[in-house]
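Visitor: I should like to learn how to read individual features of a structure, one at a time. Where may we begin?

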Amino acid sequence: MPPTAQPPTPGRTPATGLVLTGGGARAAYQVGVLRAIRTLRRAAGAAASGNPFPIVCGTSAGAINAAALAAGSDHFDSAVRRLTRVWYQLHADHVYHADGWSAVQASTRWMSLLSLGWALRHWRQVRPRSLLDNAPLGELLRAQVPLERVAQQLADGHLQGLSISASSYASGEHVTFYQANAPIAPWTRAQRRAVPVQFRTEHLLASSAIPFIFPAGEVQVDGQTSWYGDGSMRQVAPISPAIHLGADRVLVIGAGRANEPPGAVRPSGAAYPSLAQVAGHALSSIFLDTLSADVERTQRINHTLSLVPPEALARSRLRPVDLLVIWPSQRLDDLAAQHVAELPPAVRALLGILGVQPGDARTGALASYLLFEPGYIRALMQLGWDDTLRQRAEVCRFFGWADPPRPDRARRPAPMR
């Protein structure tokens, strides 16, 4: 169960938390949402009010976006602009080795292990760590996400807290790493705990290590080095860190639909599901289901607290959490299926072995996490922009801004020079 926020001090502006979920390439949707929020904020005349998200919490690819915002929290508009340019110029080979030789090496190692594993079980060089090598992502993060700025942002009061979640392969625990501007006691719950840290690139690589797809990340905790995987695994309460760090209200940006509309479920047909379908289904359950459940749970708690007499609620330390969720209005599986042909030929061939086919929405889920290519990324960013403007009245109410007229459709940002 997520914690319930404490009542804010009278006269204090409510602290706003931002929760960015995981989803590989799907996280480009979050950038479109943030661009729209920046535009609404400026149109409402609130751009001079400082950082709109003093508390930022991220998981997996959402952790990368969260860290970039936190590092630039002294100027929100510039941080969003920089994040937009990075995503706008992104290609798959900026995230993982996508050349033909790397794909051949990966497939050869896996085939050797599966066919001759009994004979090669002691030959460590043959044991593949993951389907793809994300070494380029580490280089990109070190160049574009200046984590050394986080401590100064906290000290200067632009930022209240940053959290990044990962999953420990050693203990099986879900671990929330956090850095705050005031002492916050680490919290512990069943199979999850929080650890104060000074953030490094290794935390981002560990949080975004999609199981089987990318290698686990090595992180030092309490003087011991352990291997961690994607923070979406075993994450039962993704909203919880924001509240622990002091958020009174929380904006959640999802990376997939919460529920399918009536009639949207496709018949499975007689064909046995391909490996791509099974893998996509498994990844969707990791990245999407827990967030939907936690949002529903938080809404139920809010409803329960609304039934408590005001005088009784005033005597307690509990209060509802103002929650706003922005979800994609379209199936990202379908959108990805339209862009599979943009993948590098070697990666497309590798995924083709698993059953991923261009235009086939049934296998689009797996591709949707790996499609770091301009066509798909820009479509996601535009969808995030459109979805946010469609909810602009709710967004403005959430922040207490005047509801401006609908801005024009966003122009494409200029490439980063």
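Guide: Let us begin with burial, keeping in mind that this is a predicted model. Residues under 20% relative accessible area count as buried. Cys396 has a relative accessibility of 1%, so this residue is buried.

Visitor: Is Cys57 buried or exposed?

Guide: Cys57 has a relative accessible area of 3% and is therefore buried.

Visitor: How many disulfides does a search of the whole structure find?

Guide: A disulfide is a covalent bond between the sulfur atoms of two cysteines. In this model, the search of the whole structure finds zero disulfides.

Visitor: How should one read the surroundings of a buried residue? Which residues is Asp387 in contact with, leaving aside its neighbours within four places in sequence?

Guide: One may start from the element and then turn to the contacts. Asp387 lies in helix H14, which spans residues 374–390, and its relative accessible area is 2%, so Asp387 is buried. Beyond its neighbours within four places in sequence, Asp387 touches Tyr29, Trp327, Pro328 and Ser329. The side chain of Asp387 also forms a polar contact of 2.6 Å with the side chain of Arg390. Ala36 is 351 residues away along the chain, yet its C-alpha atom is separated from that of Asp387 by 9.0 Å.

Visitor: What can be said of Thr388 in helix H14?

Guide: Thr388 has a relative accessible area of 0% and is therefore buried. Setting aside neighbours within four places in sequence, its contacts are Val33, Ala36, Ile37, Leu40, Ile326 and Val395.

Visitor: How is a pair of helices described? At roughly what angle do the axes of H2 and H3 cross?

Guide: One considers the separation of the axes, the angle and the handedness. The axes of helix H2 (residues 61–71) and helix H3 (residues 76–88) come within 8 Å and cross at roughly 140°. H2 is therefore oblique to H3, and the crossing is right-handed. On the H2 side, Asn65, Ala68 and Leu69 take part, meeting Phe76, Ala79, Val80, Leu83 and Trp87 of H3.

Visitor: What should one look for in the backbone angles?

Guide: Most residues other than glycine have a negative phi. Gln191, which is not a glycine, has a positive phi of about 60°. This residue lies in the loop between strand S5 (188–189) and strand S6 (192–196). With 45% relative accessibility, Gln191 is partly exposed.

Visitor: Where is Arg234 found?

Guide: Arg234 is in the loop between strand S8 (224–230) and helix H8 (240–244). Its phi is also positive, near 60°, and Arg234 is a residue other than glycine.

Technical notes:
Residues numbered from 1 in each chain as written. Predicted model: local features only at pLDDT ≥ 70, side-chain atom pairs only at ≥ 80, totals over all residues. Heavy atoms only, no water. Helix = DSSP H or I, 4+ residues; strand = E, 2+ residues; numbered from the N terminus. Buried < 20%, exposed > 50% of the residue type's maximum accessible area, 1.4 Å probe, protein only. Contact = heavy atoms within 4.5 Å. Polar contact = N/O pair within 3.5 Å; in protein donor to acceptor, adjacent residues only side chain to side chain. Disulfide = S-S within 2.5 Å. Axes fitted to C-alpha atoms, helices over the stretch in contact; angles between N-to-C directions. Parallel < 35°, antiparallel > 145°, perpendicular 65-115°, else oblique. Left-handed = near helix turned anticlockwise from the far one by under 90°.
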